[in-house]
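Here is a friendly walk through one protein chain, from its cysteines to its cores and its unusual backbone spots. Please keep the structure open beside the text as you read.

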Amino acid sequence: MSKTPSILAGLIGAGIQASLTPSMHEQEGDAQGIRYLYRLIDLDMLKLDSNNLEELLVAAERTGFTGLNITFPCKQAVIPLLDELSPEASGIGAVNTVVFKDGRRIGHNTDCLGFAEGLRRNLGDVAKGRVVQMGAGGAGAAVAHALLKEGVQQLQIFDVDAERARGLVNNLNQHFNGSPAQVGLDLATALASADGLVNTTPMGMAKLPGMPVPKALLHGGLWVAEIVYFPLETELLREARSLGCRTLDGGNMAVFQAVKAFELFSGTSADARRMLDHFSRLTA
């Protein structure tokens, strides 16, 4: 008799109780006949922070985890604790998926692919001359790489931490010809002439309500994309839609990054359409 494959995976992050990732992974596992268990490792609930990452990785390895997803605020802090990075994770400088294999910790980044896939499917025909991105953290690094790979000509990056924004801009300009990335200095001027706006900050999450930019700076000539997906309709998207903007919600990146992470953990292809349908039912 063949042994039923089994996967034990988890998500490390802060304030992740509303995450739909466990359900997406487990449902796809059920559909494929895989015993798939996915657990949340919530730093807030455990009263821990990114300084405890090493002990959490060791505990996961010792208890037989196949791998872990990594989210805010650990996508960059986890890198020094890994044995190997995929080329994409190395180039981006952020990790959202760690696979435990043969005693080694291998870091991957599926956020970049996830955002790019959602952009292509939903906003593939929009103008990409000038785009403003809010946030330069781990998710922001992946999204910025995706935007430039998808043809954005000029990307202005704004972050409350100016040094972090400069670091991301330098990274991007080393990987893309023509120095297309810039540190944003004047948000009002940048948005007035922008084709698109992308929010990669946590602003808009249920636990951090609000908007990453003043409402008055939005205009109908923008397309607007989010990576926040709980709630699925953030205040930013709601206000943008009221102005007639085309929008992309954070569910797209959530699903498509999960598709790739599932494949990394299980070694089998995931059904993206099925995972999208499941996500839609969860958020209906």
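Cysteine 245 is buried, at 7% relative accessible area, and cysteine 74 is buried too, at 0%. Here buried means under 20% relative accessible area, exposed means over 50%, and partly exposed lies in between, with a 1.4 Å probe and protein chains only. How many disulfides does the rule count? The count is zero, where a disulfide is a pair of cysteine sulfur atoms within 2.5 Å.

A word on the source: this is a predicted model, in which local features need pLDDT of at least 70 and side-chain atom pairs count only at pLDDT 80 or more, while totals for chains, interfaces and linings use all residues. Residues are numbered from 1 along each chain as its sequence is written, and side-chain values use heavy atoms, with hydrogens and water left out.

**The chain as a whole**

The protein chain has 11 helices and 12 strands; these are DSSP runs numbered from the N terminus, with helices being H or I of at least four residues and strands E of at least two. Its radius of gyration is 19 Å, close to the 19 Å that the globule rule gives for 284 residues, so the chain is as compact as a globular protein of that length. That radius is taken over C-alpha atoms, and the globule rule is 2.2 Å times the number of residues to the power 0.38. The C-alpha trace spans about 65 × 40 × 35 Å along its principal axes.

Of the 284 residues, 55% count as buried. The protein chain exposes about 12,400 Å², and carbon and sulfur atoms supply 50% of that area; accessible areas come from the Shrake-Rupley method with a 1.4 Å probe, and for residues only the protein chains shown count as cover. Among contacts between residues at least 6 apart in sequence, 69% join residues at least 24 apart, a contact being heavy atoms within 4.5 Å.

**Cores and the helices around them**

Which residues have the most contacts inside the largest nonpolar core? They are Phe115, Leu147, Leu155, Ile157, Leu172, Val198 and Trp223, in a core of 33 residues. A nonpolar core is a set of buried Ala, Val, Leu, Ile, Met, Phe, Trp, Tyr and Cys residues joined through side-chain atoms within 4.5 Å. Helix 5, helix 6, strand 8 (154-158), helix 7 (162-175) and strand 11 each give two or more residues to this core, and helix 6 supplies the largest share, eight residues. Apart from this core lies another, of 27 residues, including Leu20, Ala254, Ala258 and Phe262.

Phenylalanine 115 is one of the buried residues of helix 5, as are Asp111, Cys112 and Glu117. Leaving aside residues up to four places away in sequence, Phe115 touches Val143, Ala146, Leu147, Val198, Ala225, Ile227, Leu248 and Met253. The buried residues of helix 5 pack against elements including helix 4 (87-92), helix 6 (138-149) and helix 10 (251-266).

Histidine 145 sits in helix 6 and is buried, with a relative accessible area of 4%. Among the residues that His145 touches are Cys112, Asn171 and His175, not counting residues up to four places away in sequence.

Helix 1 (residues 21-31) has buried residues too, among them Met24, His25 and Glu28. Their cover includes strand 2 (35-42), strand 3, helix 10 and helix 11 (272-283). Just after helix 1, glycine 33 takes a positive phi of about 75°.

**Unusual backbone spots**

Most residues other than glycine have a negative phi, and most peptide bonds are trans. The table gathers the exceptions described here.

| Feature | Value | Place |
|---|---|---|
| Cis peptide bond, Phe72 to Pro73 | omega about 5° | Pro73: loop between strand 3 (67-70) and strand 4 (84-85) |
| Cis peptide bond, Phe230 to Pro231 | omega near 10° | Pro231: loop between strand 11 and helix 9 (235-242) |
| Positive phi, Asp102 | about 55° | loop between strand 5 (97-101) and strand 6 (104-108) |
| Positive phi, Ser179 | about 45° | loop between helix 7 and strand 9 (181-183) |

Are the two positive-phi residues of the table buried or exposed? Aspartate 102 counts as exposed at 72% relative accessibility, whereas serine 179 counts as partly exposed at 46%.
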